[in-house]
Amino acid sequence: MAPRPRKRVSRPKPRATSRGRGGGDEDPFFESEPKRRRGGGRDEDIESEDSDLEGVAAAAAGGVGDDGKEEEEEEEEQETAGEKKMRIAKELLKKVTDAARRRREDDEDEDEDEGEEAGRRRVADILLKRQFEESGRKRMELADRILQPDPEDGFKMLVKHRQPVTAVVLSKDSDKGFSASKDGVIVHWDVETGKSEKYLWPSENVLVSHHAKPPLSAKRSKQVLALAVSADGRYLASGGLDRHIHLWDVRSREHIQAFSGHRGAISCLSFGPDSSELFSGSFDRKIMQWNAEDRTYMNCLFGHQNEVLTMDALSKDRLLTVARDRTMHLWKIPEESQLLFRAPATASLECCCFIDDKEFLTGSDDGSVELWSIMRKKPTHIIRNAHPVFRNNLNSLENNVEENGIHKPESVSSAQSWVSAVAARRGSDLAASGAANGSVRLWAIEPDSKGIRPLFSLRLDGFVNSLAIPKSGRFIVAGVGQEPRLGRWGRVRSAQNGVVIHPIRLKEESEDL
């Protein structure tokens with residue numbers, strides 16, 4: 001194959017110039033830089049409008065042109081050494097500040113997480129504490145929170161009775177109360193307002209139709225010595241000299257049943273907490289158990305050798321009773337057993353109450369208040385002369401002794417200091433006692449059976465025949481009369497028969513979450 005002929009390309013001849021050595025033609029490439037710049041304005045081609053638009057678009061798109069770089073380089077070249085140090089120092093300071101801020105934010109996040117965890121633990125501890133206190137596994141500390149009573153604070157009359165009040169009880173929620181007196185009047189009242197309503201006794205035919213036995217005398221005695229209200233607030237039980245336990249409907253205030261079985265006056269009644277089981281004590285030395293819901297007789301407990309005076313039920317399985325035989329019995333119902341506690345040699349126990357499942361409190365006719373433990377047969381602590389009699393109180397009591405075989409004091413002083421009622425806020429360290437010396441005393445129960453500490457004395461004239469402390473512990477209710485509950489061997493003429501209430505101011509417990 002024959003070779004292809006080459007195409008000859010004509011090159012432009014260099015432009016002649018008279019500059020240069022020898023005046024010959026020179027290539028512009030070899031011209032000096034200043035010379036090229038000076039002559040470049042004439043030799044450069046004129047750029048088209050399209051190229052200008054492309055440059056503007058590139059600048060708008062964020063690209064940095066060669067001119068911008070050159071300007072930055074020129075600024076950097078113009079930056080002095082001091083300005084550079086200042087710039088580096090500012091950058092370093094900014095980095096350190098940012099790092100510190102990040103560490104602080106991280107610490108705050110950790111502290112916030114720890115705070116939330118601590119708050120959750122605190123809430124759990126508070127709820128657990130309240131649960132233990134309500135269940136009785138931990139004693140509620142109320143005594144140290146009680147404030148000094150104000151001078152204007154005092155017992156105020158809530159409900160008036162014509163005869164001495166013999167019994168006072170509060171409902172479980174402590175918003176309603178019930179009281180009874182020697183004239184047979186039973187009153188249902190509101191704690192806040194004091195508004196009261198009376199229970200009306202039915203006719204003798206209705207009582208007999210409700211299984212009451214005919215009276216031994218021509219007229220049935222209506223005198224009431226004891227009251228008890230069920231935990232659900234549906235039933236009220238009353239007992240007295242007619243030897244029957246009368247069951248009432250709280251909502252309608254009507255008589256619904258009469259339990260017969262005792263051969264003596266009914267001196268004390270108590271419902272088991274959270275149950276419809278009712279316990280009754282009598283002068284016939286027997287303790288009987290009933291079911292208010294089924295309205296049936298259940299059991300009879302024997303052990304006391306003399307008249308049963310007072311009782312308190314911790315549960316349907318635990319019952320505490322005292323009698324005139326100078327003994328106290330703790331009954332264990334399912335086991336059909338009992339623990340026997342004997343009073344000190346010079347005292348006869350008159351009243352009792354549970355503090356918790358391990359400790360209980362009693363009052364005696366010699367003016368003593370005793371603290372007992374389930375682990376000992378004798379009192380762990382005794383307050384002698386718990387209600388001292390002052391000389392200005394001696395004239396208020398008439399030694400009006402009657403030979404009725406019941407409560408015959410030896411002197412006026414012993415009559416006034418006779419501890420006739422005790423009460424406790426169950427599951428707490430707050431207790432109270434009452435006598436006829438003109439005051440109700442508040443006590444603090446020390447932990448681990450270490451003793452009893454006096455708190456305050458609240459002025460009240462008359463025989464304190466009954467006491468009640470609500471679940472909140474913010475007030476105390478007393479049934480007071482001119483005569484004692486179980487006799488007429490003394491009389492305080494300055495006293496008013498009725499139900500009185502005294503506020504108890506408590507410091508708010510700190511439970512910050």
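**View 1. The β19–β20 hairpin of this predicted model**. Four residues lie between strands β19 and β20 in this hairpin, and one residue, G367, takes a positive phi near 90 degrees. Strand β19 covers residues 359-364 and runs antiparallel to β20, joined to it by five bridges. Across the pair, F360 stands opposite W372 of β20.

**View 2. Strand β20 and its surroundings**. Strand β20 spans residues 369-373. Five of its five residues are buried, so the strand is largely enclosed by the rest of the structure. Which residues point which way from β20? V369, L371 and S373 point one way, while E370 and W372 point the other way. Both sets are buried. Strand β21, residues 381-383, also pairs with β20, in the antiparallel sense and over three bridges. There, H381 of β21 is the bridge partner of L371.

**View 3. An aromatic cluster with a charge over one ring**. Which residues form the cluster? F341, F354, F360 and W372 do. Two of these have appeared above: F360 and W372 stand opposite each other in the β19–β20 pairing. At F341, the charged end of K377 sits over the ring, 5.5 Å from the ring centre.

**View 4. Two edge-to-face aromatic pairs**. A search of the whole structure finds nine aromatic pairs. One of them joins W201 and W248, edge-to-face, at 5.1 Å centre to centre and with 85 degrees between the planes. W201 lies in the loop between β5 and α5 (204-209), and W248 lies in strand β8 (residues 244-249), so the pair ties together parts that are 47 residues apart in sequence. W248 is buried, at a relative accessible area of 0%. For W290 and Y297, the ring centres are 5.5 Å apart and the planes stand at 70 degrees, so this pair too is edge-to-face. Are its two members buried or partly exposed? W290 counts as buried, at 3% relative accessibility. Y297 counts as partly exposed, at 45% relative accessibility.

**View 5. The largest nonpolar core**. This core has 25 residues. F155, V440, L455, L460, L467 and I476 touch the most other members. Which elements give two or more residues to the core? They are β23 (421-424), β24 (430-434), β25 (439-445), β26 (452-459), β27 (463-468) and β28 (475-481). Another core lies apart from it, with 17 residues, among them L309, M328, L330 and F341. F341 also belongs to the aromatic cluster of View 3.

**View 6. The contacts of V440**. Neighbours within four places in sequence are left aside here. V440 is in contact with F155, L460, L467 and I476, among others. These four are also among the core residues that touch the most other members. Further contacts of V440 include H387, A432, S433, F456, S457, L458 and V464.

**View 7. The β25–β26 hairpin**. Strands β25 and β26 run antiparallel and are joined by six bridges. I445 stands opposite I452 of β26. Six residues lie between the strands, and D448 takes a positive phi near 60 degrees in this hairpin.

**View 8. The open sheet β1-β30-β28-β27**. Four strands make up this sheet, with antiparallel pairing. Why is one side of β1 and of β27 left without a neighbour in the sheet? β1 (156-160) and β27 stand at the edges with a single partner strand each, so one side of each has no neighbour there. On average, neighbouring strands are turned by 30 degrees against each other, direction ignored. β1 and β30 (residues 498-503) run antiparallel and are joined by four bridges. In this pair, K160 stands opposite G498 of β30.

**View 9. The open sheet β2-β3-β4-β5**. This sheet also has four strands and antiparallel pairing. Which strands stand at the edges? They are β2 (165-170) and β5 (196-199), each pairing on one side only. Here neighbouring strands are turned by 20 degrees against each other on average, direction ignored. Strand β4, residues 186-190, pairs with β5 in the antiparallel sense over four bridges. W189 stands opposite S196 of β5.

Notes:
Residues are numbered from 1 along each chain as its sequence is written. This is a predicted model: local features need pLDDT of at least 70, side-chain atom pairs count only at pLDDT 80 or more; totals for chains, interfaces and linings use all residues. Side-chain values use heavy atoms; hydrogens and water are left out. A nonpolar core is a set of buried Ala, Val, Leu, Ile, Met, Phe, Trp, Tyr and Cys residues joined through side-chain atoms within 4.5 Å. Buried means under 20% relative accessible area, exposed over 50%, partly exposed in between (1.4 Å probe, protein chains only). Contact means heavy atoms within 4.5 Å. Two strands pair if DSSP finds at least two bridges between them. Axes are lines fitted to C-alpha atoms, for helices over the stretch in contact, and angles run from 0 to 180 degrees between N-to-C directions. Rings of Phe, Tyr and Trp (its six-membered ring) pair if their centres lie within 6.5 Å; planes under 30 degrees apart count as stacked, over 60 as edge-to-face and the rest as tilted. A charge sits over a ring if NZ of Lys or CZ of Arg is within 6 Å of the ring centre and within 35 degrees of the ring normal.
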